[in-house]
Amino acid sequence: MSDALLGAVRTAWREAAAGAPGARAWRAVRTSCPGPLAVLAAIREADGALSVLFESAIECAPAARGRFEADGISMLEERNYPERTYRIAVALERSDLENIFGIVIADLIEAAGNQPAPAVAIASLFSRLSAWQAFLRARHTGLGRESIIGLIGELLTFRRASAAAGWTAAVDAWKGPAGGLHDFVRRGRAIEVKTGAGVASAVEISSLDQLEDAGLTTLLLAHVHLAEAPAGLSLPGLVSAIADELQQQAPEALHGFRDALLASGYADVDADLYLGPTYQQIGTRYYVVSPGFPRLTRSSVSQGVTEAHYRLDLRAIQPHIIDDGAATEIMRQMGDS
């Protein structure tokens, strides 16, 4: 689908480039891309930059204004009250990023095209742009080994939560990539995921909030244990398998899953960077964070301590371990039934 969308945009770009320059800001050709918004392939007159314009009636414009720029791709909005039109313009600012710009554009067109009405499509565009912005910023350095291991652990927990709570609920609960206090939060239940590869006797707690259970019914600490293995899981392989399952079981949640991946710094365009090493899941243990659990929180540290990073000895929390059945029940309670 994305290839067909991008092909239609490229054809319209060529048509726009062949047109005579004008007095307007954009030389634009309307595409045949389906959806509630008009999609125009455009050339910016000022500098010839490739752009795509999404247009609707001014009545569909959101109350808050938006603007975006990250790693060579920019977005601005225009409100033309005399002509009663609202426009979102996404432009390529660096020619060396044309390939990834095409991927971003195809994704935006598909996200908007799947919506039933212009206002919902515009909200979807802003959501996708926010996810791409987070990804493009993180892409400068790429995912390091610890980040890859951590993301694999979250994805394995996501898959486990989806089996208990349902795919849509699991996607909605996955808050960690977007900066949530906990990796998964929904309906008063939360899961903080810590992943280790090799021999693991401790986990890193990176803030005073990670093991804070105020306002929650239950907070689980999930420790995912991995080991490098030639026939194990790669990050792209795990992402692809989960995306295929989502496409079959809950296609309406697939974009939310992709948004979370982008916010984590991962996109399929970079899959070749993460094909190795591969990991085998040794097991996962779940601990209930409750009174008596060793931790530092904002309410427990001395006044004046504003942040803390510490290591938690896994042997010290063994009294708080729960079995898989109990953990599954807590995850089930994160669902809608």
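Me: Which residue takes a positive phi in the hairpin of S5 and S6?
Reply: Arg84, with phi near 60°. The hairpin has four residues between its strands. Bear in mind that this is a predicted model.

Me: How many bridges pair S5 with S6, and in which sense?
Reply: Eight bridges, antiparallel. Strand S5 covers residues 73-80. Within that pairing, Glu77 stands opposite Ile88 in S6.

Me: And what about S3 and S6? How many bridges there?
Reply: Seven bridges, again in the antiparallel sense. Strand S3 spans residues 50-57. Ser56 stands opposite Tyr86 in S6.

Me: How many residues of S6 are buried?
Reply: Seven of its eight residues, so strand S6 (residues 85-92) is mostly covered.

Me: Zoom out. What's the strand order in that open sheet?
Reply: S1-S2-S3-S6-S5-S4. That is six strands, with antiparallel pairing.

Me: Which strands stand at the edges?
Reply: S1 (26-30) and S4 (67-70). Each has a single partner strand, so one side of each lacks a neighbour in the sheet.

Me: What holds strands of a sheet together as pairs, in general?
Reply: Backbone hydrogen bonds, in a parallel or an antiparallel arrangement.

Me: How far are neighbouring strands turned against each other here?
Reply: By 25° on average, ignoring direction.

Me: Back to the S1 edge. How many bridges join S1 to S2?
Reply: Five, and the two strands run antiparallel. S2 covers residues 38-44. One pair to look at is Trp26, whose bridge partner in S2 is Arg44.

Me: Switching to helices. At what angle do H4 and H6 pack?
Reply: About 25°, with the axes 10 Å apart. H4 is residues 145-165 and H6 is residues 235-249. The angle is under the 35 degrees cut-off, so H4 counts as roughly parallel to H6.

Me: Is the crossing left-handed or right-handed?
Reply: Left-handed.

Me: Which residues make the contact?
Reply: From H4: Ile148, Leu151, Ile152, Leu155, Leu156, Phe158 and Arg159. From H6: Leu235, Leu238, Val239, Ala241, Ile242, Glu245 and Leu246.

Me: How does that break down by class?
Reply: Twelve nonpolar, two charged, no polar.

Me: Staying in H4: Thr157, buried or exposed?
Reply: Buried, with a relative accessibility of 2%. Thr157 does sit in helix H4.

Me: What is Thr157 in contact with, leaving aside its neighbours within four places in sequence?
Reply: Phe184, Ile191, Val193 and Val224.

Me: New topic. Where is Pro230?
Reply: In strand S10, residues 218-233.

Me: Buried or exposed, and why?
Reply: Exposed, because its relative accessible area is 85% and the cut-off is over 50%.

Me: How far is Pro230 from Tyr279 in space?
Reply: 7.6 Å, C-alpha to C-alpha. In sequence, Pro230 and Tyr279 are 49 residues apart.

Me: Last stop, H7. Which residues are buried there?
Reply: Leu254, Phe257, Asp259, Ala260, Leu261 and Leu262. The helix runs over residues 254-264.

Me: What does Gly265 do just after H7?
Reply: Gly265 takes a positive phi of about 100°. For the backbone angles, then, you have Arg84 near 60° in the hairpin of S5 and S6, and Gly265 at about 100° just after H7.

Definitions and conventions
Residues are numbered from 1 along each chain as its sequence is written. This is a predicted model: local features need pLDDT of at least 70, side-chain atom pairs count only at pLDDT 80 or more; totals for chains, interfaces and linings use all residues. Side-chain values use heavy atoms; hydrogens and water are left out. Axes are lines fitted to C-alpha atoms, for helices over the stretch in contact, and angles run from 0 to 180 degrees between N-to-C directions. Angles under 35 degrees count as roughly parallel, over 145 as roughly antiparallel, 65 to 115 as roughly perpendicular and the rest as oblique. A crossing is left-handed if the near helix is turned anticlockwise from the far one by less than a right angle, and right-handed if clockwise. Contact means heavy atoms within 4.5 Å. Ala, Val, Leu, Ile, Met, Phe, Trp, Tyr, Cys and Pro count as nonpolar, Asp, Glu, Lys and Arg as charged, and the others, Gly among them, as polar. Two strands pair if DSSP finds at least two bridges between them. Buried means under 20% relative accessible area, exposed over 50%, partly exposed in between (1.4 Å probe, protein chains only).
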